[in-house]
Amino acid sequence: MTTKISFILNGDKISYEIKDHWTLSHLLREEMGLIGTKEGCGNGECGACTVIVDNLAVNSCLYLAIEIDDKNVETIEGLASTDGTLHPLQQSFVDNGGIQCGFCSPGMIMSSKALLDENPDADREEIKHALAGNICRCTGYIQIFESVEAAKELAAEDKGGENG
Amino acid sequence: MDNLKSELSVVGKPIPKLDAAQKAMGRAEYIQDVKLPGMLYGKILYSKFANANIIKIDTSKAKALAGVHAVLTGEDVPKKMKMGFIKDNPPIKKGRVSSFRDEVAAVAAISPEIAKKALALIEIEYEELEGIFDPEKAMEKDAPLVHEHLKSNVLKMPWNIHYGDVDKAEKESAFVVEDRFTTTWVTHCCMGTSGAVALFDASDNLTIYSNTQIPSLAQKDFLEALKSMGLENKRARVIKPIIGGGFGSKLDTYAYEHIAILLAHKCKKPVKIMFDRVEEFNATSTRQPTVIYIKQGCDKNGKLTFRDMRMVLDNGAHTSWGATTPSVMLMPISSLYKVENVKYNAKCVYTNNTYSQAMRGYGNPQATFAIESSMDMLAEKCGMDRVEFRKINKNQSGDETPQGLKITSCGLEECIDAVKEELKFDNNNEKGVGTGIASLIHVGGGARIYGSDGCGAILKMDDYGKVDIFTGGSDMGQGLDNITAQIVAEELGLFAEDINVVHSDTDVCPWDVGAHASRSTFVAGNAALGAAKKVKKKIQEFASKILDAPAEALEFKDRNVFFPGDPEKTMPIGKLLRKAHFSPNGTMLMAENFYDPDNQNMGKELKGNMSMTYSFGAHGVKVKVDEETGKVEVLEYVAAHDVGRAINPLLLEGQVYGGVVMGLGYALTEEVVNQNGKNMNANFRDYKLFTAKD
């Protein structure tokens with residue numbers, strides 16, 4: 001069975017003929033070549049495949065592609081500006097040692113984005129809660145928390161700049 | 001030494017990981033992301049039993065399935081294709097399986113789904129045999145043999161050492177303690193699962209994309225595999241995509257790589273084998289569990305008199321580097337704290353469990369856990385404060401340990417003091433709250449385990465002052481790319497971003513023994529430094545003529561070469577390189593260097609200075625234990641390390657944080673639950689890694 005769906009992907013309108021059993025991570029990675037979304041377990045246990053659908057962080061390995069019809073999907077590829085400037089979260093993960101092997105990083109950054117979009121002032125406990133579903137084996141999480149906190153500051157500065 | 005005195009511009013700076021932006025944007029390519037034209041997908045069928053004879057295999061239905069290109073069984077594997085350092089393990093088993101992880105067949109098909117379907121169509125008749133899963137029981141006289149032709153389950157390994165006279169020292173000791181400890185199965189849990197893509201060119205030369213920490217040794221294994229296939233004098237090129245975590249898991253070559261090679265050769269197409277998470281848990285090698293017997297004594301002043309340790313290690317059904325972890329266990333056993341009389345015996349025992357492998361620390365954590373637990377007991381027995389007791393027995397600069405390790409510099413006492421200062425050991429009267437301290441020694445200046453402990457580097461400069469450096473060393477997230485770039489940039493007066501570090505392809509990178517034993521910063525770093533020094537000298541000689549200044553007096557900074565005495569005598573390095581290139585009899589600046597440290601192989605006596613330097617540290621922890629449920633909450637954790645000069649403090653901290661959390665998982669939450677050889681928790685729900693909330 002195939003179905004034609006329409007959705008917004010990183011700001012672009014997309015129409016795509018999909019097989020009904022495809023997961024969103026399959027659609028993104030295998031069909032559309034968006035390899036930034038990683039698959040670490042295929043069971044919703046590690047969070048490496050996290051993307052944002054209508055402002056919610058979801059495990060794309062469990063999310064059926066057919067469910068994104070008429071929805072807004074954000075992946076790691078859509079975060080940086082078109083001129084190549086990194087999103088504040090990407091920049092702060094880079095600057096604060098939030099990335100080692102990097103396999104969990106796209107999912108980690110997407111979960112952090114969903115959090116900060118909703119709660120720009122999230123504190124350490126809220127950050128920990130939001131990232132509880134994203135496993136990292138390299139960093140011990142400390143520099144990831146510091147990265148998210150630094151991103152809050154960066155975002156606040158950017159906003160200050162715009163207002164000023 | 002000059003560098004230590006002068007101010008450094010690049011070394012010592014917290015420069016973010018060079019590939020971090022690429023990774024943050026989702027552009028880094030892992031083995032998961034490698035897709036080649038015409039590529040087929042391979043899948044492996046594993047044994048249904050922990051120990052069984054294979055009576056019959058019928059692959060006809062699988063072969064008949066549309067989309068299937070090849071089906072292999074043990075019959076299709078060349079007789080001499082074997083894995084592991086004692087070559088006891090063919091990539092697909094024939095006639096007999098000795099663990100659930102044993103490969104019995106493999107398929108290549110046009111899609112992963114069809115390959116999976118084909119596996120289900122392979123019919124195998126087994127005769128189940130009694131298995132043995134407890135290494136101590138496997139040592140008993142009438143235990144079933146894992147490999148009958150070997151006549152014993154105990155591997156022939158040389159782990160039997162006696163320095164000094166332990167029996168005499170025991171008799172003369174004022175206090176003696178003795179206990180038995182066990183450690184559990186834990187596994188690497190790299191976030192990126194294992195995989196490989198193999199392909200052959202028209203002349204039967206192999207290219208293999210694989211996750212490996214040992215590109216050069218893997219190349220040697222694959223050349224041997226080709227030879228076993230009748231492809232002698234062919235080439236093997238190993239390409240290493242970005243690695244999604246290593247931790248020792250990628251120190252050997254594995255069945256999936258050899259099977260991908262066999263399938264690719266048979267199908268004349270690229271073949272990819274990619275593990276899913278369940279397969280990653282079930283079919284990769286773990287850190288082996290140990291049973292540890294330890295006896296230690298001290299005199300009435302608290303000075304250690306002897307240490308006597310005996311271990312039984314579960315080797316699993318086949319042999320990989322897990323069987324050599326006692327060589328590293330020997331280091332803390334002989335040399336953590338001063339103790340003259342040391343005995344150590346380790347038996348690696350075949351069982352029908354999964355076979356064991358190196359994992360972060362390579363045996364050191366198991367040995368140190370028992371030593372430090374015993375140190376607490378001995379301190380208590382002789383009535384001394386456990387921190388003071390450790391300080392009485394501390395290692396010091398200038399020591400030579402019974403094993404022959406030469407301690408060049410040692411900050412152990414400072415580390416212990418730092419932990420004590422931070423953790424305030426004595427101020428806890430709260431119910432269920434306790435503290436602990438442990439020290440560590442580890443190699444820090446290479447580790448000569450093979451004939452060579454070396455690493456090569458090739459450095460070339462372009463016309464614009466940029467550097468490409470091809471290193472044998474491997475980055476898997478720990479930051480060797482930065483270390484290399486920062487060292488080269490420092491030496492040549494450049495910025496880290498001017499240095500492109502290539503560490504991914506045996507066709508262009510020179511030899512290295514592998515990313516293990518905390519050796520890469522020291523060995524690959526020195527290889528790069530040597531190459532940079534050679535190029536620097538060439539630039540100095542050329543610039544000397546152009547700037548009319550003595551070559552050796554010329555300095556390099558901020559992309560310029562200059563003569564410190566005269567501000568007029570300066571030139572951008574790029575301009576100088578162009579002049580060198582586009583002059584009559586022009587030249588380009590390149591250099592190669594192979595660095596092999598002056599450390600010693602331990603040899604048959606298991607004695608020798610295996611590393612150029614040793615690193616020390618102390619960790620302290622304050623925990624709260626719920627006395628009803630046993631739940632442990634970590635309240636504070638302090639880690640103090642004597643690291644020398646940190647080349648990149650940001651990445652160094654990341655290594656310590658990551659190591660601490662992996663260690664806490666080992667101690668508190670992680671365990672592969674093994675029931676008669678079967679992994680009962682092959683997923684992240686039941687294998688409990690620390691999460692952000694822990």
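**Briefing: chains A and B**

Chain B has a radius of gyration (taken over C-alpha atoms) of 27 Å, which agrees with the value near 26 Å for a compact globule of 694 residues, by the rule of 2.2 Å times the number of residues to the power 0.38. This is a predicted model, in which local features need pLDDT of at least 70 and side-chain atom pairs count only at pLDDT 80 or more, while totals for chains, interfaces and linings use all residues. Residues are numbered from 1 along each chain as its sequence is written, and chains are lettered from A and ligands numbered from 1 in the order in which they are written.

**Chain B overall**
- The C-alpha trace of chain B spans about 85 × 75 × 50 Å along its principal axes.
- Chain B holds 17 helices and 27 strands, taken as DSSP runs (helices H or I, at least four residues; strands E, at least two) numbered from the N terminus.
- Of its 694 residues, 55% count as buried, meaning 20 or more other C-beta atoms, placed from the backbone, within 10 Å of the residue's own.
- Among contacts (C-beta atoms within 7 Å) with a separation of 6 or more in chain B, 77% join residues 24 or more positions apart.

**Nonpolar core**
- The largest nonpolar core (buried Ala, Val, Leu, Ile, Met, Phe, Trp, Tyr and Cys joined through C-beta atoms within 7 Å) has 252 residues.
- Helix H15 (residues 520-547) of chain B gives the most to this core, with twelve residues.
- B:Ile259 is one of the residues with the most contacts inside the core; its partners beyond four places in sequence include B:Gly42, B:Leu72, B:Glu103 and B:Ile273.

**Sheet in chain A**
- Five strands of chain A form an open sheet with mixed pairing, in the order S2-S1-S5-S3-S4; strands pair if DSSP finds at least two bridges between them.
- Strand S2 (12-19) and strand S4 (56-59) of chain A are the edge strands, each pairing on one side only.
- Neighbouring strands are turned by 40° against each other on average, direction ignored, with axes fitted to C-alpha atoms.
- Strand S1 (residues 2-9) of chain A runs antiparallel to S2(A), joined by eight bridges; A:Thr3 has A:Ile18 as its bridge partner in S2(A).
- Helix H3 (residues 105-118) of chain A packs on the sheet, touching strand S3 (50-53) and S4 of chain A, and its direction makes about 30° with that of S3(A), on a scale from 0 to 180 degrees between N-to-C directions.

**Contact between the chains**
- Chain A gives 43 residues to the contact and chain B gives 42 residues.
- H2(A) gives the most to the side of chain A that touches chain B, with four residues.

Key: Buried ≥ 20, exposed ≤ 12 C-beta atoms within 10 Å, placed from the backbone. Contact = placed C-beta atoms within 7 Å.
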